[in-house]
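Ready to explore a protein with a few short exercises? Keep the sequence and the 3D view open, try each task yourself, and then walk through the solution.

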Amino acid sequence: MILDQAESPDFEQQIQSEAPTESKAHTYLHIVLMSPEAGSFPGNQHEINSLLLDYWNVSLDSVALLASPLVSSYHSRCVDIKGHPCLEICYNVTESLSYVASNNDPLDSSASFSSRGPTDMVLHHQYEPIYFRHDISTGHTLYIMLNAKGDLRTLVHGIGKGLQGSFAQCESIMFHVLSTRSTELDNLVKLLLWIETQLHQGSIFEITDSDRFSKYVQMLHKMSRSLITLEHNNQRDTSNIDHLLHDHSRLGRLARRHRSEAKIDPVCHDRVRDDLLALRDFCDDRHRRILNLHQRTNNFITLLYNLITGHDSTVNLQIATQSARIARDARKDSMSMKIIAAVTLIYLPATFVCSLFGTNLVAFDTSSEGGEPSFVVSSLWWLYLAFAVPLTMLTMFGFWLWRRFRETPKQGQEKSPVD
């Protein structure tokens with residue numbers, strides 16, 4: 001019998017009418033699907049809790065604690081309800097974690113932090129807690145799902161009525177959860193195979209764009225983060241299956257202890273144990289796959305970083321080659337200037353003599369008749385020295401001032417880091 005709050009307008013009346021009693025001992029399985037969207041949280045929560053406590057002897061106060069971020073573990077105990085030995089189990093079949101961040105950059109020094117962590121991020125914990133109770137004497141089994149999502153709700157409606165065995169529903173739910181996570185793992189395998197294909201074809205080695213490298217690295221880091229999350233969920237699933245196997249054995253011991261009252265089908269009981277063991281082996285196999293994918297992903301990240309380093313080294317080598325070529329050209333220009341300067345120094349005395357004799361201060365007198373030409377120096381020869389010497393000194397002084405004012409800012413820049 002399935003009681004779904006989302007599909008039952010008279011959900012409270014069904015809780016009262018379908019409560020397990022001695023006269024309804026033939027109804028061995030009840031599944032109660034709670035729905036927060038239906039309005040019971042928090043509006044009718046108190047009324048629902050009271051009805052379940054009065055008619056079903058179930059206190060949802062402790063069960064609802066599993067839906068909080070404070071507690072998300074596995075709990076089980078043996079209790080006595082109205083003289084009937086019962087096994088109670090509370091655990092979260094799945095959990096998801098998401099966050100909503102503001103537009104602030106977490107690396108920005110102005111981000112607000114406190115002792116409770118970053119105040120600009122809000123974490124959302126979503127759990128799917130399940131309450132299980134099996135009555136050894138009557139054989140009645142009760143499941144209450146406080147936050148059944150769409151896929152899980154569809155699964156329960158599809159196979160809930162045809163299940164046999166007290167742990168059959170737990171087994172089916174765990175199988176559904178593992179199948180869902182296997183799809184995510186298969187998608188990561190496809191991405192990794194695509195990257196390996198790019199590597200084998202050599203297209204990754206032909207990448208010269210740094211942005212392209214960055215996209216590959218970002219995708220691999222996202223895959224690594226997803227694998228870490230899958231590994232965490234796989235460890236949680238493995239822990240839940242181990243606890244279910246332990247409680248399954250405990251249920252068998254309780255049945256043997258109350259053999260005269262117990263209503264457990266040994267065949268179904270053994271089949272459920274075998275199925276749980278198969279799910280345990282499946283988790284072990286998935287653990288090995290996750291470790292393998294994680295190692296391959298890290299290897300590809302290392303390879304891409306090495307390719308980026310090699311690409312940068314190639315660029316630096318090209319820059320160094322161009323710098324060496326420029327240095328050789330500059331050296332050739334320097335040798336040319338030295339040759340020009342040497343030639344100028346060779347012809348400088350002759351040039352000075354020509355310019356000196358080209359003035360009116362020094363000349364050859366060829367006007368005398370029958371005589372040889374004579375060398376004539378003007379009485380104003382000192383004018384040459386009067387202009388040439390001061391102008392030379394003024395030029396050298398101006399050059400000295402220019403060098404001094406040019407070197408002063410450089411000295412200030414060299415001293416500023418020391419100060």
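**Exercise 1. Find the residue that forms a salt bridge with R280, and work out which parts of the chain the pair ties together.**

Solution. This is a predicted model, so begin with the computed distances. Step one: look for a nitrogen of R280 and a carboxyl oxygen within 4 Å of each other, since that is the cut-off for a salt bridge. The partner is D242, with the closest N and O atoms 2.6 Å apart. Step two: place both residues. R280 belongs to helix α7 (residues 266-357), while D242 belongs to helix α6 (residues 210-257), so the salt bridge ties together parts that are 38 residues apart in sequence. Step three: check the surroundings of D242, which is partly exposed at a relative accessible area of 33%. For background, side chains of opposite charge can pair when their charged atoms come close.

**Exercise 2. How far apart in helix α7 are R271 and D275, and are they buried or partly exposed?**

Solution. Start with the contact: R271 and D275 form a salt bridge at 3.3 Å from N to O. Next, count along α7: the two are four residues apart, which means a separation of about one helical turn. Finally, compare each value with the limits, where buried means under 20% and exposed means over 50%. R271 has a relative accessible area of 36% and is partly exposed; D275, at 24%, is also partly exposed.

Now add two further items to your notes. D274 and R273 meet in a salt bridge of 3.6 Å, N to O, with D274 partly exposed at 40% and R273 partly exposed at 36%. There is also a network of salt bridges linking R181, D237 and R286. The count of salt bridges comes to eleven.

**Exercise 3. Test whether the end-to-end span of α7 agrees with its number of residues, then locate its bend.**

Solution. Step one: α7 has 92 residues, and at 1.5 Å a residue these should span 136 Å. Step two: the end C-alpha atoms of α7 are 134 Å apart, which agrees. Step three: follow the axis to Y347, where α7 bends by about 40°. A proline, P349, follows within four residues of that point.

**Exercise 4. Describe how helix α5 (residues 168-201) and α7 cross.**

Solution. Two packed helices are described by the angle between their axes and the distance between the axes. Here the axes of α5 and α7 come within 10 Å and cross at roughly 25°. Because angles under 35 degrees count as roughly parallel, α5 is roughly parallel to α7. The crossing of the two is left-handed. As a check on α5 itself, its 34 residues reach 49 Å from the first C-alpha to the last, close to the expected 50 Å. Just after α5, look for G202, with a positive phi of about 85°.

**Exercise 5. Where do N57 and K82 lie, and what is the sign of phi in each?**

Solution. Most residues other than glycine have a negative phi, and most peptide bonds are trans. N57 is not a glycine, yet its phi is positive, at about 55°. N57 sits in the loop between α2 (45-56) and α3 (60-64) and is partly exposed at 28%. K82 also has a positive phi, near 55°. Its place is the loop between β3 (75-81) and β4 (84-101), and K82 is exposed at 66%.

Methods: Residues are numbered from 1 along each chain as its sequence is written. This is a predicted model: local features need pLDDT of at least 70, side-chain atom pairs count only at pLDDT 80 or more; totals for chains, interfaces and linings use all residues. Side-chain values use heavy atoms; hydrogens and water are left out. A salt bridge is a side-chain nitrogen of Lys or Arg within 4 Å of a carboxyl oxygen of Asp or Glu. Buried means under 20% relative accessible area, exposed over 50%, partly exposed in between (1.4 Å probe, protein chains only). The expected span of a helix is 1.5 Å times one less than its number of residues. The bend at a residue is the angle between axes fitted to the seven residues ending there and the seven starting there. Axes are lines fitted to C-alpha atoms, for helices over the stretch in contact, and angles run from 0 to 180 degrees between N-to-C directions. Angles under 35 degrees count as roughly parallel, over 145 as roughly antiparallel, 65 to 115 as roughly perpendicular and the rest as oblique. A crossing is left-handed if the near helix is turned anticlockwise from the far one by less than a right angle, and right-handed if clockwise.
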